[in-house]
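Open the model in your viewer and keep the selection panel at hand. We will go from the whole chain to single side chains.

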Amino acid sequence: MMEEKQFLCGVVEGFYGRPWSMDQRKVLFQWMQRWGLNTYLYGPKDDLKHRLLWREVYSPEEEGKLRTLIVEAQSRGLKFVYALSPGQDIVFSSSCDLTLLKRKLRQVSDLGCQAFAILFDDIDHSMCQADSEAFASFAHAQVTVTNEIYRFLGEPPVFLFCPTEYCGSLCSPSVSKSPYLQTVGEDLLPNITVIWTGSKVISRKLSVDCLAEVESVLQRPPLIWDNLHANDYDSRRLFLGPFKGRESQLRSHLRGLLLNPNCEFEANYIPLHTLGSWHRAGQEDMKDEECEYCPERALSAALHDWLEELNQPLQAGRQSVRTDQRASIPTSRCKTPDRSDCPSTFRGTSTVTKLPVFPLNSSSPPSSPTMVKRDKEGQEEEKKRTNHQSQPTQQLPGSRAGAPTGGGRGQRFQGRGHCGGKGLLSESQVRLLVGLYYLPHEHGPSAQKLLQDLTWLKINCHLVSANSKKAPPQKVEEWRGRASRFLSLCEDIAQLHCSVVGGSNRAVLYDLYPYVWDLRNTALVAKAFISWLDGRVLSDSSTLGSWRNCFDWCGKTTGADVLGVDSEPWVFKGGVSGEVQMLLPIGSNNELFTHPPPLFPTSRLYNIRPYHSKDKVELYRMVRQFHLRTQGGQESSTAHPDVIGDRCLGPCLALSPEYSFILEDELGVCGCVLGILDVRSFAKRCQASWIPAMRDKYPPKGNNTYPNTQNLIQLMEEDQGEYPDSLLYHFPSQLRLDALPELVDISVSRTLLTALLTALKANGSQGVFCEVQPTDRQRLEFLTKLGFLEILRGEARSREGVVLGRLL
């Protein structure tokens with residue numbers, strides 16, 4: 001009798017996606033025992049023999065694993081509930097299907113399982129002809145089979161039934177008037193517990209009042225399948241916030257509550273830790289205010305414990321790193337090329353520890369000879385590249401007084417410093433992480449601050465526009481102060497990404513990296529855009545557009561506004577990353593923001609910012625070295641050092657510097673992208689000022705010290721060749737990718753390009769094109785993935801080339 005009355009509180013593994021591993025489940029059981037939880041329900045949707053192939057019995061090997069799991073749970077004092085989902089294709093009136101269902105559950109029962117669940121969620125209401133003839137309704141069919149299975153198993157104390165109408169929003173016409181629920185309440189045997197998720201699939205709040213109606217219809221207290229932290233509906237969202245929005249008084253009106261958490265196992269530490277706090281608070285004397293559940297207090301306690309867990313040296317799959325192995329990890333693991341492999345003299349006085357990195361789609365670091373050989377070759381190539389870039393150059397503009405400056409490859413860019421090697425995640429970083437990935441209906445403090453500042457800066461960017469009337473100085477200072485705070489938070493996000501990648505807990509890395517990486521890239525674009533706005537965004541006098549037009553294209557509402565109280569969280573995709581994206585001028589172009597993370601994560605700390613005039617020397621040097629590497633030759637002693645830079649970068653840097661962006665890492669500038677807002681006017685300015693300046697710089701042969709520059713002027717004029725009006729009408733802007741380098745994390749190239757497209761769109765461009773050599777297949781493929789489509793072949797020009805364009 002005590003067992004029947006026990007409040008069931010724990011975890012349901014019931015999400016769509018890759019099921020947890022056996023090792024992860026064993027760790028889960030340890031957590032649950034430690035935090036006072038008592039029930040685990042096994043029901044992963046993507047376990048074939050749980051749902052799609054439910055008729056098939058387990059093989060001897062599978063039986064052994066399942067038996068081990070059941071014994072492990074029971075040894076921890078947990079109820080192991082085995083769930084089966086036959087609803088997709090079961091024929092309720094078929095004696096054969098009923099026999100197969102019994103056989104499957106009898107097999108699990110023989111393994112020691114004593115608690116079961118039959119799930120009919122997320123299926124079609126329609127019945128086949130045979131069932132329609134045998135049963136009065138869909139509910140009658142389900143209830144009849146469930147009752148028979150319950151009796152067949154000996155009426156176990158814990159037997160759960162998940163109805164097809166499992167929440168208020170799925171009930172027709174309402175909870176109280178649903179014929180389906182009425183049949184379940186009347187005909188389902190009274191000791192079978194009915195599963196319920198609340199008013200919604202993912203309920204913002206659960207209260208006694210909202211449960212009273214369903215309890216009356218079902219004629220029994222339901223068990224809550226709580227999807228508060230489920231994230232299987234959105235690949236860009238993760239929920240690390242506390243268990244919240246469930247009144248403590250619910251216990252007396254429920255049979256139990258099971259949390260269906262994040263697909264990523266390591267993301268569930270705080271959700272389950274705080275669920276345990278909620279459960280224990282309900283068991284204690286509520287007269288003592290200290291025993292009442294407080295989400296914020298529970299979160300603080302969970303953060304304290306998780307911080308220690310995060311800094312444990314664990315490999316993927318929760319395997320501990322033995323002490324005698326730890327020293328050899330950096331060399332024994334396969335390592336991806338990273339610029340930190342260059343000689344220490346190239347890095348000045350700073351030291352960058354080698355970071356072991358391995359594929360994210362594997363359960364362990366790669367060890368095949370082919371992989372190791374490939375990566376060693378990549379490292380050697382990277383060393384050659386960085387050695388070519390070891391010349392010191394000028395200080396980067398815009399750096400803070402007394403701060404390290406970039407520009408040369410031996411200098412670090414302004415910001416929080418480099419991130420290398422394995423370090424500990426700080427408490428402030430963990431709080432930042434949780435605040436960015438909080439709850440489905442609520443952002444944490446850091447995400448709120450990020451979105452509020454970006455929204456305010458967007459609305460008030462006219463205060464710092466390039467050609468507006470002079471704004472009040474105090475308003476300008478306010479804008480720049482808010483911008484500085486926003487940029488600082490974006491830097492914190494970039495540093496958080498580095499710390500997660502560089503941390504010792506590789507199990508956490510595997511689960512959190514795709515999300516932190518995604519937000520890092522989105523924040524890089526937003527940071528570059530806010531930096532660009534100051535003095536570069538055009539006001540109403542612009543011929544192509546205005547800042548007001550620009551933000552008509554931006555998202556006008558946040559995810560919270562779209563959701564409202566009555567919407568499911570999947571109405572607005574992307575979480576905080578999606579909301580930042582939608583506040584940018586090109587936020588609706590999802591292909592620029594949503595793409596898979598790189599196979600090999602890197603802790604390199606990147607920054608994207610607008611170009612400054614002092615960057616020219618370093619960019620010229622970089623593009624010269626890049627050109628020589630691609631040509632596979634040595635630089636001629638008779639060649640002018642500026643020839644490559646003047647041709648590839650010079651016109652844009654001189655005449656359109658406001659649409660040039662710099663990519664830098666801890667070692668300095670490592671890439672750039674150049675843009676032209678209006679190609680027609682740019683071509684006229686080139687002919688009027690740039691070409692004459694180049695004629696003076698590279699005089700005719702008789703006066704020229706550098707004979708290899710004779711054809712340079714002709715080539716520059718060809719570069720500014722005529723484009724047809726039909727092209728420029730739809731694609732008035734142009735971008736140049738000549739200086740993009742090879743990078744460990746190729747996604748930063750996409751992010752750099754996205755920053756430029758954001759600026760072009762903000763100042764009124766409706767489309768952009770890029771000319772690429774037909775032989776450059778890699779770049780053609782890269783642009784095609786970004787939505788660039790081929791629109792013009794080289795035969796329409798004075799030289800061979802492919803023109804790709806995309807609308808903004």
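How many of the 808 residues of the chain, in percent, count as buried? The share is 58%. Keep in mind that this is a predicted model.

**Whole chain**

Start with the cartoon. The chain has 28 helices and 17 strands. Switch on the surface. Its accessible area is about 32,900 Å², and 50% of that belongs to carbon and sulfur atoms. Now think about contacts. Among those between residues at least 6 apart in sequence, 78% join residues at least 24 apart.

**Helix α10**

Select residues 295-310, which make up helix α10. Check the length from end to end. The 16 residues should span 22 Å at 1.5 Å a residue, and the end C-alpha atoms are 21 Å apart, which agrees.

Which residues of α10 are buried? They are P295, A298, L299, A302, L303, W306, E309 and L310. Look at the spacing along the helix. An α-helix has 3.6 residues a turn, so residues three or four places apart point the same way. Next, show what lies against this side. The buried residues of α10 pack against α2 (22-35), α9 (269-283), α14 and α17.

Now pick R297, in the same helix α10. R297 counts as partly exposed because its relative accessibility is 40%, within the band from 20% to 50%. Draw a distance to T274. The two C-alpha atoms are 9.2 Å apart in space, with their positions 23 residues apart in sequence.

**L425, in a loop**

Move to L425. The residue sits in the loop between α13 (369-388) and α14 (427-436). Is L425 buried or exposed? L425 is buried, because its relative accessibility of 9% is under 20%.

Show its surroundings. Beyond its neighbours within four places in sequence, L425 contacts L307, L310, N311, V430, L496, S499 and V500. One of these, L310, is also on the list of buried residues of α10. Then measure to C498: the C-alpha atoms of L425 and C498 are separated by 9.9 Å, though the two are 73 residues apart along the chain.

**D453 and its partners**

Select D453 in helix α15 (residues 445-459). D453 counts as buried because its relative accessibility is 1%. Show sticks for R482, R485 and F486. These are the contacts of D453 once neighbours within four places in sequence are set aside. With R485 there is a polar contact of 2.6 Å between the side chains.

**Salt bridges**

Side chains of opposite charge can pair when their charged atoms come close. How many salt bridges does a search of the whole structure find? The search finds 26. Visit three of them, then a network.

Stop one is R236 with D518. The closest N and O atoms are 3.0 Å apart. R236 lies in the loop between β7 (223-226) and β8 (256-259), while D518 lies in helix α17 (residues 506-533), so the pair links parts of the chain 282 residues apart. Both R236 and D518 are buried.

Stop two is E591 with R806. The N to O distance is 2.9 Å. E591 is in the loop between α20 (575-582) and β11 (607-610), and R806 is in strand β17 (residues 802-807), 215 residues away. Compare the two ends. E591 is partly exposed, at a relative accessible area of 30%, whereas R806 is buried, at 3%.

Stop three is R609 with E664. The closest N and O atoms are 3.1 Å apart. The pair runs from strand β11 to strand β12 (residues 660-665), 55 residues apart. R609 is buried at 7%, and E664 is buried at 0%.

Finish this section with R55, D89 and D97. Salt bridges that share partners join them into one network.

**A nonpolar patch**

Last, turn to the surface again and select L48, L52 and L53. Which kind of patch do they form? The patch is nonpolar, with about 260 Å² of accessible area together. Zoom in on L48, in the loop between β2 (39-42) and α3 (60-75). L48 counts as partly exposed because its relative accessibility is 46%.

Key: Residues are numbered from 1 along each chain as its sequence is written. This is a predicted model: local features need pLDDT of at least 70, side-chain atom pairs count only at pLDDT 80 or more; totals for chains, interfaces and linings use all residues. Side-chain values use heavy atoms; hydrogens and water are left out. Helices (H or I, at least four residues) and strands (E, at least two) are DSSP runs, numbered from the N terminus. Buried means under 20% relative accessible area, exposed over 50%, partly exposed in between (1.4 Å probe, protein chains only). A polar contact is a pair of N or O atoms within 3.5 Å; within protein, one must be able to donate a hydrogen and the other to accept it, and residues adjacent in sequence count only if both atoms are side-chain atoms. Contact means heavy atoms within 4.5 Å. A salt bridge is a side-chain nitrogen of Lys or Arg within 4 Å of a carboxyl oxygen of Asp or Glu. Patches are made of residues with over 30% relative accessible area and no salt bridge: like charges are joined within 9 Å, nonpolar side chains (Val, Leu, Ile, Met, Phe, Trp, Tyr) within 5 Å. Accessible areas come from the Shrake-Rupley method with a 1.4 Å probe; for residues, only the protein chains shown count as cover. The expected span of a helix is 1.5 Å times one less than its number of residues.
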